[in-house]
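Subject: Structure handover and findings

Hello,

Here is the structure you will be taking over. Please open the sequence and the model side by side before reading on.

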Amino acid sequence: MMMTRLAPHLARAVRHARGLGLELPMKDTLQDPSARKELIEHTGRTQVPMLLIDGVPLLESADINTWLDAYASRAA
């Protein structure tokens with residue numbers, strides 16, 4: 001998941017993932033120029049959080065949380 005420490009929507013998605021028992025790989029787009037470049041290449045934006053699923057970016061925390069819920073239910 002693409003992130004910055006300043007993104008409140010990121011915190012919501014991370015809390016949700018952890019509540020489901022999921023750990024997501026994180027890339028800090030403020031500290032890592034290559035992560036920022038990758039984010040822009042996938043989305044054309046600098047908006048975070050972004051979760052990349054099979055090459056498709058999810059940008060809204062509500063959409064990310066919905067996907068995480070479905071993923072967790074399939075994995076259970």
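The notes below go through the core, the pocket and then some single residues. Please keep in mind that this is a predicted model.

Core

The largest nonpolar core is made up of 18 residues. Within this core, M1, L51, I64 and L68 have the most contacts. Three elements each give two or more residues to the core: α1 (8-19), β3 (51-53) and α3 (61-75). Of these, α1 supplies the largest share, with 4 residues. As background, nonpolar side chains in soluble globular proteins tend to be buried together.

M1 is a good place to begin looking. Leaving out residues up to four places away in sequence, M1 touches L10, A13, L24, P25, M26, K27, P49, M50, L51 and I64. Two of those partners, L51 and I64, are also among the core residues with the most contacts.

Pocket

The largest pocket has a volume of about 240 Å³. It is lined by 15 residues, and the closest to the pocket centre are M1, P25, M50, L51 and L52. The elements that give two or more residues to this lining are β3 and α3. What classes of residue make up the lining of the largest pocket? There are 12 nonpolar and 3 charged residues, and no polar ones. M1 and L51 therefore turn up twice in these notes, as residues with the most contacts inside the core and as residues closest to the pocket centre, with cut-offs for burial as follows: under 20% relative accessible area is buried and over 50% is exposed.

The loop between α2 and β3

Several residues worth a look are in the loop between α2 (33-43) and β3, including M50, P49 and R45.

Is M50 buried or exposed? M50 counts as buried because its relative accessibility is 2%. From M50 to L39 the C-alpha distance is 7.7 Å, with their positions 11 residues apart in sequence. M50 is also one of the residues closest to the centre of the largest pocket.

Just before M50 comes an unusual piece of backbone geometry at P49. The peptide bond from V48 to P49 is cis, and its omega is near 5 degrees. Most peptide bonds are trans.

R45 is partly exposed, because its relative accessible area is 41%. The side chain of R45 makes a polar contact of 3.1 Å with the side chain of Q47. Setting aside neighbours within four places in sequence, R45 is in contact with L39, I40 and L59. By contrast, A72 is 27 residues from R45 along the chain, and 28 Å separates their C-alpha atoms.

Strand β3 and the loop after it

I53 is part of strand β3. I53 counts as buried because its relative accessibility, 18%, is under 20%. Not counting residues up to four places away in sequence, I53 touches L58 and W67. The C-alpha atoms of I53 and I64 are 9.8 Å apart, and the two residues are 11 apart along the chain.

D54 lies in the loop between β3 and β4 (56-58). Which sign does the phi of D54 have, positive or negative? The phi of D54 is positive, at about 50 degrees, although D54 is not a glycine. Most residues other than glycine have a negative phi. D54 is exposed, because its relative accessible area is 78%.

Strand β2 and the loop after it

D28 is found in strand β2 (residues 27-28). Although D28 is a charged residue by class, D28 counts as buried because its relative accessibility is 12%. What does the side chain of D28 reach? The side chain of D28 reaches the backbone nitrogen of L30, at 2.9 Å.

Q31 lies in the loop between β2 and α2. Q31 is exposed, because its relative accessible area is 56%. Q31 and L20 are 11 residues apart in sequence, and their C-alpha atoms are 27 Å apart in space.

For a start in the viewer, M1 with its contacts, the cis bond from V48 to P49 and the positive phi of D54 would be a reasonable order.

Regards

Terms used
Residues are numbered from 1 along each chain as its sequence is written. This is a predicted model: local features need pLDDT of at least 70, side-chain atom pairs count only at pLDDT 80 or more; totals for chains, interfaces and linings use all residues. Side-chain values use heavy atoms; hydrogens and water are left out. A nonpolar core is a set of buried Ala, Val, Leu, Ile, Met, Phe, Trp, Tyr and Cys residues joined through side-chain atoms within 4.5 Å. Buried means under 20% relative accessible area, exposed over 50%, partly exposed in between (1.4 Å probe, protein chains only). Contact means heavy atoms within 4.5 Å. On a 1 Å grid over the protein atoms alone, a cavity is a set of points where a 1.4 Å probe fits but cannot get out, and a pocket is an open set with protein on both sides within 12 Å along at least five of seven lines; lining residues have an atom within 4 Å of a point. Grid points are joined across faces, edges and corners, and a volume is the space filled by probe spheres set on the points. A polar contact is a pair of N or O atoms within 3.5 Å; within protein, one must be able to donate a hydrogen and the other to accept it, and residues adjacent in sequence count only if both atoms are side-chain atoms.
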